[in-house]
Amino acid sequence: AALSEEPKFCLSEVLDSFKTCLTENKEIIIDQYVAGWRGLTRFMNSLGTIFSFISKDAVDKIQIMVKHRNDVNGPRYVTVQSMVKYELDNGLVDLTKRSSFPESGCRTLLRLHRALRWLELFLERLRTSAEDSKTSVMCSEAYNESLAQFHPWLIRKAAGMAFCALPGRSTFFEVMNVGTPEQVVVMLGDALPLISEVYQLTEDLYLKHKLLDIP
Ligand code: 1PX
């Protein structure tokens, strides 16, 4: 085999993780959810080093979730639902201020969950975009409607600068490695309802348990 041969990146496989993370009774399997994020960070790294400060934070959060899964209590972290129950029943979440549990599964997943909303909005814009649409505009609109409200000024500024460095729509579609632009559009149309469902199920669960503001 050739040196450092990475499996060829294909965005539809990554997005499949968000399909397979849903069980029949609408539970969300953490291993699959995290695998989806791992694939997305690889995609982002392939866009260039400017994006590494964003993927760095996502990678940190992925690692925290993997650590929970590999811990003795790993079986409690099989699904988002079982994790929430386990951490709340055992007082393992800081609900009002960061103190004893800065790396709780509930807190960490909430950050990824908020980012999933950005992804949903961004991919929907890409899907419906015209050939001459600017990815930087689509990306920052999606960001301003979602994640930005949770970020301080400095991060918003840095994110805004990173968006300006995004490649154009056609390069973006090529890097996805899915096929023609038409095939990308179809793929996104297939994947988005599932991403949206995973997002909504998590949102409802977190709302029910008053976890949407974990500091
Ligand atoms: C075809 C499209 C695929 C694109 C894949 C891109 C994957 C995006 C991964 C973004 C993950 C961002 C996670 C952010 C989590 C977060 O909000 N963290 C903050 C709070 O954490 P804390 O522990 O302090 O409470 C943290 O402060 C974040 C810092 C990093 C900056 C985050 C900027 C987010 C911009 C999201 C848009 C990414 C645009 C990439 C374009 C491809």
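Which residues are buried in H3? In this predicted model, helix H3 spans residues 52-70. Its 19 residues reach 26 Å from the first C-alpha to the last, close to the 27 Å expected at 1.5 Å a residue. The buried residues of H3 are Lys61, Ile62, Ile64, Met65 and His68. They lie on the same side of H3, because they cover an arc of only 150° around the axis. A general rule helps here: an α-helix has 3.6 residues a turn, so residues three or four places apart point the same way. On the other side of H3, the exposed residues are Phe53, Lys56, Asp60 and Asn70. The cover over the buried residues of H3 includes helix H2 (30-45) and helix H5 (105-128).

Helix H5 also has a partner in helix H9 (residues 181-208), with which it packs at an angle of about 150°, the axes being 9 Å apart. That angle makes H5 roughly antiparallel to H9, and the crossing of the two helices is left-handed. On the H5 side, the residues that meet H9 include Leu110, Leu116, Leu119 and Leu123. Among their counterparts in H9 are Val185, Leu188, Leu192 and Ile195.

Two loop residues deserve a look for their backbone angles. Lys26, in the loop between helix H1 (11-20) and H2, has a phi near 60°, a positive value in a residue other than glycine. Lys26 is partly exposed, with 13 other C-beta atoms within 10 Å. Asn177 sits in the loop between helix H8 (169-176) and H9. Its phi is positive too, at about 60°, although Asn177 is not a glycine. With 15 C-beta neighbours inside 10 Å, Asn177 also counts as partly exposed.

Technical notes: Residues are numbered from 1 along each chain as its sequence is written. This is a predicted model: local features need pLDDT of at least 70, side-chain atom pairs count only at pLDDT 80 or more; totals for chains, interfaces and linings use all residues. Helices (H or I, at least four residues) and strands (E, at least two) are DSSP runs, numbered from the N terminus. The expected span of a helix is 1.5 Å times one less than its number of residues. A residue is buried if 20 or more other C-beta atoms lie within 10 Å of its own, exposed if 12 or fewer, and partly exposed in between; C-beta atoms are placed from the backbone. The arc is that of the directions from the helix axis to the C-beta atoms. Two residues are in contact if their C-beta atoms, placed from the backbone, lie within 7 Å. Axes are lines fitted to C-alpha atoms, for helices over the stretch in contact, and angles run from 0 to 180 degrees between N-to-C directions. Angles under 35 degrees count as roughly parallel, over 145 as roughly antiparallel, 65 to 115 as roughly perpendicular and the rest as oblique. A crossing is left-handed if the near helix is turned anticlockwise from the far one by less than a right angle, and right-handed if clockwise.
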